[in-house]
Amino acid sequence: MSVSSPEPGAEPREADRPAEEELPLDAVTGLVSLGTEDAPACSDGTCW
Amino acid sequence: MQVEVWSDIVCPWCYIGKRRFETALEQFEHADQVEVLWRSFQLDPSYPRGRGEPVRDALAAKTGASREQVRAMTAQVEKVAAEVGLEYDFENGFMVNTFDVHRLVHLAQSRGLGTKAHERFMHAQLVEAKDLSDTATLVELAVEIGLDAAEARRVLEGDDYAAQVREDGAAAQRLGGNGVPFFVIDRAFGISGAQPVEVFASALEKAYRAASA
């Protein structure tokens, strides 16, 4: 049994595509949070 | 696609985050389909309006830290800012209440000049160390942005756009944005803080795929 390779430049088949990661939806805000939680930011008047 | 950015003019991480987001947007294949809206967020709404105070003095008073400790804190941010081409001047900078600046950003946004206004005011505050509690300075900057001087002065003397500034702050809270910068794409994806360029790039791709699905 042989396994064929896709033609160069061909669209990847569905099964070849990496699965989309599960993104957690915040039930309160309705947003999916992306990025890390420890990124620098300012809050409550301070940034330091 | 719509990207809303909650940001305060005096927020050093917001300007750094803005630069990183802009780099990601420049690289994004569908950048021409992205609309950026600037939303107001006041880090310290209780700070007296019309008063400009040396930023390091204000930080020392707020945190109880010594001048040397404040210098060390700001030095770290200056270093990161320099990496994205921003030469912050905390030595000569002023702490101000940004309510009126945000009202002018809303005026500019209503004229299609929101991005230009936000950039100009942040540069004036953090790099040029201008005193944005001074009405004449604000009007001068408004004119540079492309606004009419008389209109800017009229807005500053009245309370135009005050409701929009407050509503922006309330919206950030509803969306879970307790700090800034806070980026929201299509009211579906939230990104908090000055994330690396790759995070913004990945978020734009994810949002585009979601919008296209």
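# A tour of chains A and B

Start with both chains in view: 18 residues of chain A are in contact with 29 residues of chain B. On the side of chain A that touches chain B, ten residues are nonpolar, seven are polar and one is charged. Keep in mind throughout that this is a predicted model.

**Stop 1: chain A**

Select chain A alone. Its 48 residues hold zero helices and one strand. Of these residues, 12% count as buried.

**Stop 2: the strand shared across the chains**

Now select residues 32-34 of chain A, which form strand E1, and residues 189-192 of chain B, which form strand E6. The two strands pair in the parallel sense, over three bridges. Show the side chains to see which residues face each other along this pair. A:Val32 stands opposite B:Phe189, and A:Leu34 stands opposite B:Ile191.

Stay on E6(B) and look at its two faces. B:Phe189 and B:Ile191 lie on one side, with B:Gly190 and B:Ser192 on the other. Are these residues buried or exposed? All four are buried, and both faces of the strand are covered.

**Stop 3: the hairpin in chain B**

Add residues 182-185 of chain B, strand E5. E5(B) runs antiparallel to E6(B), and four bridges join the two. Here B:Phe189 appears again, this time with B:Ile185 standing opposite. B:Phe189 in E6(B) thus has a facing residue in chain B, B:Ile185, as well as one in chain A, A:Val32.

Three residues lie between the strands of this hairpin. Select B:Asp186, which takes a positive phi near 50°.

**Stop 4: the whole sheet**

Next, add strand E1 of chain B, residues 2-7, and strand E2 of chain B, residues 35-40. What is the order of the strands in the sheet? The order is E1(A)-E6(B)-E5(B)-E1(B)-E2(B), in an open sheet of five strands with mixed pairing. The edge strands are E1 of chain A and E2 of chain B, each of which pairs on one side only. Direction ignored, neighbouring strands of the sheet are turned by 25° against each other on average.

At the E2(B) end, E1(B) and E2(B) pair in the parallel sense over six bridges. One residue to pick out there is B:Gln2, whose bridge partner in E2(B) is B:Glu35.

**Stop 5: a helix across the sheet**

Select residues 197-212 of chain B, helix H9. This helix lies across strands from both chains: E1 of chain A, together with E5 and E6 of chain B. H9(B) runs at about 175° to E6(B).

**Stop 6: helices H2 and H3 of chain B**

Leave the sheet and select residues 55-63 and 67-83 of chain B, which are helices H2 and H3. Their axes come within 9 Å and cross at roughly 110°. An angle of this size makes H2(B) roughly perpendicular to H3(B). The crossing is right-handed.

Which residues meet here? From H2(B) come B:Arg56, B:Leu59 and B:Ala60, and from H3(B) come B:Arg67, B:Val70, B:Arg71 and B:Thr74. By class, this contact has three nonpolar, one polar and three charged residues.

**Stop 7: helices H4 and H5 of chain B**

Move on to residues 99-110, helix H4, and residues 114-127, helix H5, both of chain B. These helices pack at an angle of about 150°, with their axes 7 Å apart. That angle makes H4(B) roughly antiparallel to H5(B). H4(B) passes H5(B) in a right-handed crossing.

On the H4(B) side, show B:Val101, B:Leu104, B:Val105, B:Ala108 and B:Gln109. They meet B:Gly114, B:Lys116, B:Ala117, B:His118 and B:Phe121 in H5(B). The residues of this contact divide into six nonpolar, three polar and one charged.

**Stop 8: one residue in helix H5**

End at B:Leu126, which lies in helix H5 of chain B. Is this residue buried or exposed? B:Leu126 is buried because 26 other C-beta atoms lie within 10 Å.

To see some of its surroundings, select B:Pro12, B:Tyr15, B:Tyr88 and B:Gly93: leaving aside neighbours within four places in sequence, these are the residues in contact with B:Leu126. B:Gly93 is 33 residues away from B:Leu126 along the chain, yet their C-alpha atoms are separated by 6.8 Å.

Conventions: Residues numbered from 1 in each chain as written. Chains lettered and ligands numbered in written order. Predicted model: local features only at pLDDT ≥ 70, side-chain atom pairs only at ≥ 80, totals over all residues. Axes fitted to C-alpha atoms, helices over the stretch in contact; angles between N-to-C directions. Parallel < 35°, antiparallel > 145°, perpendicular 65-115°, else oblique. Left-handed = near helix turned anticlockwise from the far one by under 90°. Contact = placed C-beta atoms within 7 Å. Nonpolar A, V, L, I, M, F, W, Y, C, P; charged D, E, K, R; others polar. Buried ≥ 20, exposed ≤ 12 C-beta atoms within 10 Å, placed from the backbone. Pairing = 2+ DSSP bridges.
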